[in-house]
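Reader: I've just opened this one and I'm not sure where to begin. Could you walk me through it?

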Amino acid sequence: MPLIRKVNVVPNIPEKLKPIIKIAYNLWWVWNQDAIELFRRLDLDLWRDSGHNPVKMLGMLPQHILDEAAESDSFLSHLALVGAEFNRQMSMKTWYEETSHEYADASVAYFSAEFGIHECLPVYSGGLGILAGDHLKSASELGIPLCGVGLLYRLGYFHQYLGMDGWQQERFPEIDFFNVPIKLVPGKDNQPIIIEVPYPKGMVYAQIWHVMVGRIDLYLLDTNVKQNAPDDRSITDQLYGGDNIMRIKQEIMLGIGGVRALRALGKDCTVFHMNEGHAAFLTIERIALTMQENKMTFNEAHEFVTSSSVFTTHTPVPAGNDRFDPELIDEYLSSYYKRLGITRDSFLALGRENPADKSELFCMTVLALKTACAANGVSKLHGSVSRNMWKALWPALPEHEIPIGHVTNGIHTLSWTSLEMMRLLNRYLGPRWIDNPTNTDVWKNIDSIPDTELWRTRERSRERLVEFARKKLKKQLLARGFTSKEAEKSDSVLDSESLTIGFARRFAAYKRANLIVSDMSRLEAILTDKERPVQIIFAGKAHPKDAMGKELVKQIIALCADERFRNRIVFLEDYDINLAKVMVQGVDVWLNNPVRPKEASGTSGMKVVPNGALNISILDGWWDEAYNRENGWAIGNGEIYEDYGYQNEVEGLYLYNLLEKEVKPLFYDRGVDGIPKGWLHKIRESMKTLSPVFNTNRMVKDYTEKYYLRAHKNFRKLSDSGFAASKKLAAWKEMVISKWDSVSIKEMFCDDNVDEIAVGSKITVKVIIDLGSLTVDDAVPELYFGNINQNNEISEGASLPMTFSEKTHNGFYLYTGQVLCLQSGQFGFTVRLMPHNIESVRKFDPELSAVWINS
């Protein structure tokens, strides 16, 4: 191949327009409508053709348009307005500065395999990435000292198109990194900073790209560099592409490479947040570096790293967690056995629920749980599901005490709200719904919006969706090989005045895209009712290897071609952020019917709320805690079935009944003014109760207050004075583990005549403990008490530490405690002995087990 000299060609921007470059390269514009309008003004058609990418569009614009804009007082005034707002938002005092000034030295690194910020940077596949993108946006608004770390996929996630037969096909167009809002990070020599990561055949190199998301820095690693062999260059080719070998390669680059990238950038982060298990190898690298640089043992470094790591699991089913064969771990990570100074079995134990099972695979979620001081699911229900799923790691604990909490997901409200609705909310709620979307009182002002204005806003949004769907459908049909005459039929599909249902998400079997089409005759009656018609817009991708998901897509496409439904059911291809926005802004109802409890959270339904649409959903994920009977509809009552066929039948009937008896009548029950007042009442209830809660500003505040600040304090405490606390804690833990088998609870006794007592009474309980060679500072007995359930067990009991009374004559220890009985019914109590150290960052350490009386 001949020598090629590379030159980066950039737009020739007139001096007066130079501020637009800064705006284009900061994805803050994604959620600022005035900034978006600024780019649209230059050339609306090019804005669309560029995929709403301002960097690409500026390079496509004819020079005369740029020159004309530079001489336009109107455009320059608009540019100045946007620039001033950008500067104001980047410099204004934030929530974090006002509430957490004593944590000014905190710095959070947020690792995620995907980030969905805007469709022009397609390094996301679905909900996990969209959530990560919204996390960064809200972190910017709140002023959280956070940076993101991920991978830059040359081919992104696949683009979907359909064959003539309706079968999903995939294409992988290459992303031109020099025409998207990202920049290579240069080093001191002005050449790209290159990091190196060990792989079986030697070092693999990666360069670092920088993305600005408001105040937040996002760093993405790219292995497509000349120093790498072709196989290694492909590591960052596709998101979720390839086999398990490619998966472990990518997760090593994300976790280990991500930590090395931060160090190369001079980022001294104090908190490391793993958004799903993909990034869990970061804890291995942090332990190795801590050992190497501070002459610490593995156990000492492990305590320190764990203290400042946070883990979020998004997966409600065991099969969704990445697992690797031990031999694959040997191949790719055996060099770390020596670096960490531990045996192969000890390393593999970090990723095993049962370390004694030599055949168990290495699980990334287990690794994350064992190396994090805090872990959470992404909804209240998902937290419960996760505690059940991972209870084997803490076999001596009641399930409700398994240390996996929850922070319910949210959405970045501004990113998903239509321009029409924004204007309406600005008129009646003022700017506070933007500045503080978590303020419940602000959202109560929804009641002040006149019915006529709220309904007209909803009608305009639906009209825009129908127009968009028709144009997109025509392009799809022509691309699939249909004639122009056949494609022109798309001009008459859908009706801008009909009740419109949206269903858009990944086409996986458990999400049940076909539930609403399970009874064709009943569906036909619902959709083609001349007085009260209904229409459905579908969108979503099946994973390239998911044949069942592809079959579901094909089934929906067949319905679209059915003469009975041709104008009533539409499938829109290549679901991405832009299509999602148009749909959530325009539909009347958002349908979500997964198999409970397999939806960890689900955020698509949250996005319709600020747009004035309503949810119909299974009580799963977020909807299980959001639904209040007035703010939408629930399919069923939260049942879980063992027979999926029966479940589909029951819940399909429930859905049809809802549509026929509640949803359609409420939508079409109009007053003399043509306005559905009952429907608007439900919209108001939805917006008032859901908007202030299910947004990422509330979510990121939760992460900060519950986890980030605590992890930062842990980091400082365990690293001060040459990591003295880490070393002391590790030594104590090793000592307790070696002696724990010798401790026991000898006897529990309490007041006489406690078989029946009055509400409000106290029971005094005493216990005799044999601590062996441990001291009273090493362990503490706890009273565990609560109501007795039908299985004769204490149901979700509470615990209280007991007080040391005296050392007995035979060397045992006497403790005393009291239980207050606050309600009637059968009540029970018992005693357990817990390892205890005031320096410990985790009450329930998976390596330290509770001892129960008579256990």
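What follows is a chat about a few helices, strands and unusual residues in this model.

Author: Happy to. One thing first: this is a predicted model.

Reader: Let's start with a pair of helices. How do H11 and H13 run relative to each other?

Author: The axes of H11 (residues 281-294) and H13 (residues 326-340) come within 10 Å and cross at roughly 25 degrees. An angle under 35 degrees counts as roughly parallel. H11 and H13 are therefore roughly parallel to each other.

Reader: What sort of residues make up the contact of H11 with H13?

Author: From H11 come Phe281, Ile284, Glu285, Ile287, Ala288, Leu289, Met291 and Gln292, and they meet Ile329, Leu333, Tyr336, Arg339 and Leu340 of H13. Sorted by kind, the residues of this contact are 10 nonpolar, one polar and two charged.

Reader: Now the sheet with S15 to S20 in it. Which strands stand at the edges?

Author: Six strands form an open sheet with parallel pairing, in the order S17-S16-S15-S18-S19-S20. A strand at the edge has a single partner, so one side of that strand is left without a neighbour in the sheet, and this holds for S17 (569-572) and S20 (633-635).

Reader: By how many degrees are neighbouring strands of this sheet turned against each other on average?

Author: Direction is ignored for this number. On average, the turn between neighbouring strands is 20 degrees.

Reader: Inside that sheet, what is the bridge partner of Trp590 in S19?

Author: Look at S18 (residues 589-592) and S19 (residues 614-618), which pair in the parallel sense over four bridges. In S19, Trp590 has as its bridge partner Asn615.

Reader: Helix H21 packs on the sheet too, I see. What angle does its direction make with that of S17?

Author: H21 (residues 451-480) touches S15 (499-504), S16 (534-539) and S17 as it packs on the sheet. The direction of H21 and that of S17 make an angle of about 70 degrees.

Reader: And H23, which strands does that helix touch?

Author: H23 (residues 520-527) packs on the sheet as well, and its direction makes about 115 degrees with that of S16. The strands it touches are S16 and S17.

Reader: Which residues of H28 make the contact with H23?

Author: The axes of H23 and H28 (residues 644-668) come within 11 Å and cross at roughly 15 degrees. That makes H23 roughly parallel to H28, and the crossing is left-handed. H23 brings Arg522, Leu523, Ala525 and Ile526, while H28 brings Leu653, Tyr656, Asn657, Leu659, Glu660 and Lys664.

Reader: Any odd backbone spots? Which residues does the cis peptide bond join?

Author: Head for the loop between S18 and H26 (604-608), where Pro597 lies. The bond there has an omega of about 5 degrees, and it joins Arg596 and Pro597.

Reader: His52 has a positive phi although it is not a glycine. Is His52 buried or exposed?

Author: His52, with a phi of about 60 degrees, lies in the loop between H3 (44-49) and H4 (54-60). Its relative accessible area is 16%, and under 20% counts as buried. That makes His52 buried.

Reader: Ser721 has a positive phi as well. Is Ser721 buried or exposed?

Author: Ser721 is found in helix H30 (residues 696-739), and its phi is about 55 degrees. Its relative accessible area is 69%, and over 50% counts as exposed. So the label for Ser721 is exposed.

Reader: What covers the buried residues of H16?

Author: Seven of the 10 residues of H16 (residues 380-389) are buried. They are Leu381, His382, Gly383, Val385, Ser386, Arg387 and Met389. Their cover includes S13 (374-377), S14 (405-406) and H27 (623-626).

Reader: One more place, strand S2. Which of its residues point the other way from Leu146, Gly148 and Gly150?

Author: In S2 (residues 146-151), six of six residues are buried. In a regular strand the side chains alternate between the two faces of the sheet. Leu146, Gly148 and Gly150 point one way, and the other way point Cys147, Val149 and Leu151.

Reader: And which residue stands opposite Cys147?

Author: S1 (residues 108-112) and S2 pair in the parallel sense over four bridges. Opposite Cys147 in S2 stands Ala109.

How values were computed: Residues numbered from 1 in each chain as written. Predicted model: local features only at pLDDT ≥ 70, side-chain atom pairs only at ≥ 80, totals over all residues. Heavy atoms only, no water. Axes fitted to C-alpha atoms, helices over the stretch in contact; angles between N-to-C directions. Helix = DSSP H or I, 4+ residues; strand = E, 2+ residues; numbered from the N terminus. Parallel < 35°, antiparallel > 145°, perpendicular 65-115°, else oblique. Contact = heavy atoms within 4.5 Å. Nonpolar A, V, L, I, M, F, W, Y, C, P; charged D, E, K, R; others polar. Pairing = 2+ DSSP bridges. Buried < 20%, exposed > 50% of the residue type's maximum accessible area, 1.4 Å probe, protein only. Left-handed = near helix turned anticlockwise from the far one by under 90°.
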